[in-house]
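Reader: I should like to learn how to read strand pairing and chain contacts in a model. Please give the general idea before each case.

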Amino acid sequence: MKRFRRHGQESQRDRLKQELFAFNKTVEHGFPHQPSALGYSPSLKLLAIGTRSGAIKLYGSPGVEFMGLHDENAAVTQVHFMPHQVELVTLLDDNSLHMWTLRGHNGLSELLEIGRFTLTGPPGVTRVTAVLAHSSGELLLLGTEGGHVFVVEVPGFRELEERNISLDQVSSSIPDDYIGRRNLEHVEALQENPVDPDQVIIGYGRGLMVIWDLEKKLAIQHIPATQQLESVCWTEDGKYILSSHSDGSYCRWMVGGQDMNEEEKSDIPYGHFPCKAISKIVQLPTEEGPPFLLFSGGMPRASYGDRHCITVIHGKTHVALDFTSRIIDFFVIRDGPQRTGDPSALVVLVEEELVVIDLQTEGWPIIQTPYLVPLHSSAITCSHHVSTIPLKLWERILAAGKHQNAHYSKKPWPITGGQNLAPDPPQRDLLLTGHEDGTVRFWDASGVCLYPMYKLSTAGVFHTDADPNDNMNQGTEGEWPPFRKVGCFDPYSDDPRLGIQKIHLCKYSGYLTVAGTAGQILMLELNDEAAEQTVEAKVVDLLQGQEGFRWKGHTQLDIQEDPVMFPAGFQPFAVVQCQPPAVVTALTLHSEWKLIAFGTSHGFGLYDYQQKNSVLIKCTLNPSDQLAMEGPLSRVKSIKKSLRQSFRRIRRSRVSLRKQHVNTATKLQEANARLEAELAEMELAPVQRKIEARSSDDSFTGLVRTLYFADTFLSDSSHNTPSLWAGTNGGCVFAYMLRLPSVEHRADEPVTAQLSKEIQLMHRAPVVGIVVLDGHGAPLPEPLEVAHDLARAPDMQGSHHLLVVSEEQFKVFTLPKVSAKMKLKLTAVDGSRVRRVGMAWFGSSRTEDYGESGLLVLTNQGDVHVVSLPHVKMQVQYPCIRREDVSGIASCVFTKHGQGFYLISPSEFERFSLSTRCVVEPRCLVEAPLHSGCSNQHQSQPDGASSTHRYINLEFAVGQFEPGCYMMLVVTTAMLNESKYIDFNADPVEGIINIRWTSH
Amino acid sequence: MNKNHRVPSSRSLNAVEVKSKFGAEFRRFSLDRSKPGRFDEFYGLLQHVHRIPNVELLVGYADVHGDLLPINNDDNYHKAISTANPLLRLFLQRKEEADHGTFGTDSLTRKKNTVLSAVLLRPDHNKKKPPVIISLPKDFRPVSSIIDVDILPETHRRVRLYKHGQEKPLGFYIRDGSSVRVTPQGLEKVPGIFISRLVPGGLAESTGLLAVNDEVLEVNGIEVGGKSLDQVTDMMIANSHNLIITVKPANQRNNIVRSGVGGGGGAASGSSGRSSDSSASYYGYSSHSAAASIPPHIIQNFPVGELESDEDEEDLVIEAGGEAEPIRHMASNHSMSSLPRYEPHLNLRTATTSTFSINTNGTLPTSGSSSSLSNIKATTPSPDRAMERGSLEEDGTVITL
């Protein structure tokens, strides 16, 4: 009977768990790792990026984003939108073509793969090298390595053999005097005549270009360029063709001219000495004035061959935009309803960032990207999330950020496709990332777009090796080529000691503390005005007279003694420097008590930032631990440095991904052979692990892992006092009772700390988290939270409990007398270890008023768990990160509302949610553009899978109908109950829109 | 067969002949078997009869098997007297010159097969066995035991290693490997975890119960299948205070023989009341040739109460200004509900069939233990091996080597 009742309770609990917890990976923030292809649809105003890992990502207006992943896991080499449609075609490294579409479902669009296709035939012949999505929307022209052009009907991928353009057909009509007629090589470029869709130009690798009439199936004109061809561009009016070549030259050819064999104009822009190839060239007209000429590459090989440049020439203005990483591709956005007006913005995808340049504002400033921001412009070293920022602080940070963004263009973001239907985020969340170069970046993490708000640099406080005059943006007058540095990606830190390791922001007071690699801890406060001030430094000796130690790591940073001008924003007012200057491993701030606590591998300290005085220093170093004096992985650092250099070298030598595929194939084989050899070696000498109990003599037992302030019952059960708790790597917990002077004497009477308790966990596993739970079993609120009426005051009546989280188990102790009450063993039962813990509040999805606190746990196996409080029982467990992804696991940060972030690459955060109520994910709709061009024979694509079709005709007066108008469709969608798939066909002449919707 | 096995004379019913040797000198005297007195009196008597009043002595005697065993407290003194048959041969050594290694089996009668080797060792009598050496009783401490013999398949062995309070390292390494399993589909190669190395002088090696290439199947009752090497490493370290490893020994010839033919039925009944620390593991046999040359510690049972307190390790709390005190355990543990519970195997309070226990100061516990000791001793050397097994099966487990 009893068992039966318990069973009932269990199922009730299970139901509650379902209402509280659900695991979802919702959105990826940041810049895609290793992008390899770029596409743009002027009609949809959507940008597509393909990556080396086979992902395809679409971006429109902020908040509109889609992601798809090819099953093949091969690099995406080309992305082409079908003109005026919601379909796009991707070409992969394995020679497969994929058709994707944006399909409406429940009022939202989804990116779906709807077809795949591979040309059959010998790979040397049918390897696709060029793709043209024909403006009819029905044809794909595929240029191949063998020189043939295959014509394929889409979306069904039906080969139209009779329309193929074989090499024989072309070569039979080549002029006899053309040098390269015997071997035209692969098809390098395919372009459609902008004024006559029946004409396409086929550019062969050897240099020859042929204008082909698709209807008549014959060559109209041969253009006998003799240099290796890189790209071809047809001018807007269809009268000229521009070709760019591997020797850094470009040529302009007249179409249909009498003198067919002479280039009208030929130039090597950075000539005299040998130049590198111009890989892509575009010329665009302006309504008044000279056209824009844009090309990538073409730099003098010897002196600037390692630069990644795009040259923009407009009239007398000539700029070589100098990027910090390899250029993948670029395109130009144009004004006007038909996207045929003046060029307005240049969008460049380089390997590490997306740069958008405003071509209509004087000086061509950069437009700040609202998404795809490179998180890793300097490597991320730590992150810190603060939920529910008060509006006041939010606005002040935004204002400080505005000062920094003065050099950006005022123009709005030009890529505006789709509608963001996601509701406004319920709260303002801030993600702070610390970087290797000593900066802290503040990101608006409330919604789908991780938007940069403000950047804080701590380097100004210190003297560093960096040369302050080394301003790369200043090109000398009259320099040729006229370089201009663009982009913010700069992974090379001048001084690794500046790296940020720990961050703590108090959202109520605006106090911020950051700690770094060389034992530096900065206290900062938000100031809306720029101010010049001297920063006071306090050196704290954590060894406390322990003898026989000599620090072998880096030296401490030197403080600037002169007053420093700090811009508006967070300004440092106090600096603590730990001695030895080891990396800071734990940091916490209590803004109400005006105290910070910090720890390193040698000990911890407590600092009163009001009186600028250290209150307590405790050395935790084991006298026999010599390894702790080695410095922060000094040897590892140097390995990292040399790796970096070799990567730089590789990056330089890498010319073009596509061209080297033969080469890469052999390289791949080599790499595989090496891997196999390594594996065979491993078989011989298998990895073995030592089984040994932890002992007090292990290295780094004194490393401080966690610090925690609590107002609780430390000495007796009737008086609560402020306390400081510290947990070490050796399984030791220290508790100090703090005595704070009354508010009126706070500035002059000293704060004191007295050791009250010391707990040595018998299993000696590192202590990674300490939390005090109040009488209700809820964690104590943050400092000032209650004062701001934002949290319920903690229950001081019932007895408090201490939760100690070690890497191996969760243990609850009573307070003030510390005795074990409950525990949950993790490692002993499943072999996983705790890597990250965080407190979170979970609201029920069913009832608004129910919620509970839980402990979020990430293990070294990459699983996330929720552990209930105060009973420490496992609630749910989900696999989240691959266990091999050590840096992903190390980068994980939890929010207070059951979400989390981790790095999936150096430049991207994956956002996940364990809460049913708090989910941030993209919800957006992209409508098919109203195609109103000259091709009124265009039929809407039938949906093969559809079941029932119904037609309604809506009639409009001719004058009312504006091409490219979206409003109409939105209205109709609403009429059709939102849940239908809609096809439509507009006829501007008749003023009729055919709308067909499909009920699924 | 053995000189000590004389038919006791009527005289010996209440008198014990003592022949004591110190250096080259012999002394003979007799003691009353019924009133042996205390050890310190006996010690004084020896000093007196040898006229060496101020020499620190190490007293040893030859037992019925011809093993040299120490006399250093009342219990083993009484044991020596009570088993004298009737001659008690004593060997005295100066403490500073003492050769501790001399105590142990076969120490006196190397050329003969002892009772033990006949009963417990493999029947290859012709093979010369290295002597098993027994250290001084003051060094005795629990090291390991074989448990749950009645519920495990015969091909598996569950070994418990006692790490508590010892400086000695656990001392072994594990590696990845693959093992062959019999499945309904036939033989299948599956990844497994194996012992890759034993550190000389480490706990694991000294027990002799674990060997290189033994496959690790469970750690403290949790199966390791599907877990990575690092996970298993962490599990073992997390359980290092009371590590229980179930292995499939690489050498399957030393398996424990289950009681009777109906052993399967016994296992099915699942009566963990029988799951006891194996008495047979008392003798530090050397099944692995590598381990044979190193003197192992005696493997023995350990008083049950002490195990229980050790099972849940105690954290140490130091109150400022106060004394250090271990944390009392208040409520039951909450282990992960989704995972198998281990308690049936760990609950050793029910395991009461301990047979031969020596606590740390070397005294023998009374009643049950000593009776089971005599149980072993009563087994006279006999070629009838089946009968021997029968008599030993009362303890539930036997090791055949």
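Author: Let us begin with pairing: two strands pair if DSSP finds at least two bridges between them. The model shown here is predicted.

Reader: How many bridges join strand β47 of chain A to strand β48 of chain A?

Author: Six bridges join β47(A), residues 603-608, to β48(A), residues 613-619, and the two strands run antiparallel. Within this pair, Gly605(A) stands opposite Ile617(A) of β48(A).

Reader: What do β47(A) and β48(A) form, and which residue in the turn has a positive phi?

Author: The two strands form a hairpin with four residues between them. In its turn, Lys612(A) has a positive phi of about 55°.

Reader: Which strand of chain A is joined to β8(B)?

Author: Strand β49(A), residues 688-691, is joined to β8(B) by four bridges, again in an antiparallel arrangement. Here Arg689(A) stands opposite Ile174(B).

Reader: How is the size of an interface often given?

Author: The size of an interface is often given as the accessible area lost when the parts come together. For this model, chain B and chain A bury about 4,000 Å² between them, with 54% of that area on carbon and sulfur atoms. The contact takes 44 residues from chain A and 47 residues from chain B.

Reader: How many salt bridges and polar contacts are found between the chains?

Author: The rule finds four salt bridges across the interface. In one salt bridge, the side chains of Lys811(A) and Asp315(B) meet at 2.6 Å, N to O. The count of residue pairs in polar contact between the two chains is 15, both residues being at pLDDT 80 or more.

Reader: Which elements give two or more residues to the side of chain B that touches chain A?

Author: They are β8 (172-183), β9 (186-198), α5 (229-238) and β14 (316-319) of chain B. The largest share, nine residues, comes from α5(B). By residue class, this side of chain B divides into 21 nonpolar, 12 polar and 14 charged residues.

Reader: Turning to a single residue, is Phe150(A) buried or exposed?

Author: A residue is called buried under 20% relative accessible area. Phe150(A) counts as buried because its relative accessibility is 13%. This residue lies in strand β12(A), residues 149-153. Leaving aside neighbours within four places in sequence, Phe150(A) is in contact with several residues, among them Leu119(A), Leu140(A), Leu142(A) and Asn164(A). The C-alpha atoms of Phe150(A) and Arg163(A) are separated by 7.6 Å, although these residues are 13 residues apart along the chain.

Key:
Residues are numbered from 1 along each chain as its sequence is written. Chains are lettered from A and ligands numbered from 1 in the order in which they are written. This is a predicted model: local features need pLDDT of at least 70, side-chain atom pairs count only at pLDDT 80 or more; totals for chains, interfaces and linings use all residues. Side-chain values use heavy atoms; hydrogens and water are left out. Contact means heavy atoms within 4.5 Å. Buried area is the accessible area (1.4 Å probe) that two parts lose on being put together, summed over both. A polar contact is a pair of N or O atoms within 3.5 Å; within protein, one must be able to donate a hydrogen and the other to accept it, and residues adjacent in sequence count only if both atoms are side-chain atoms. Ala, Val, Leu, Ile, Met, Phe, Trp, Tyr, Cys and Pro count as nonpolar, Asp, Glu, Lys and Arg as charged, and the others, Gly among them, as polar. Buried means under 20% relative accessible area, exposed over 50%, partly exposed in between (1.4 Å probe, protein chains only).
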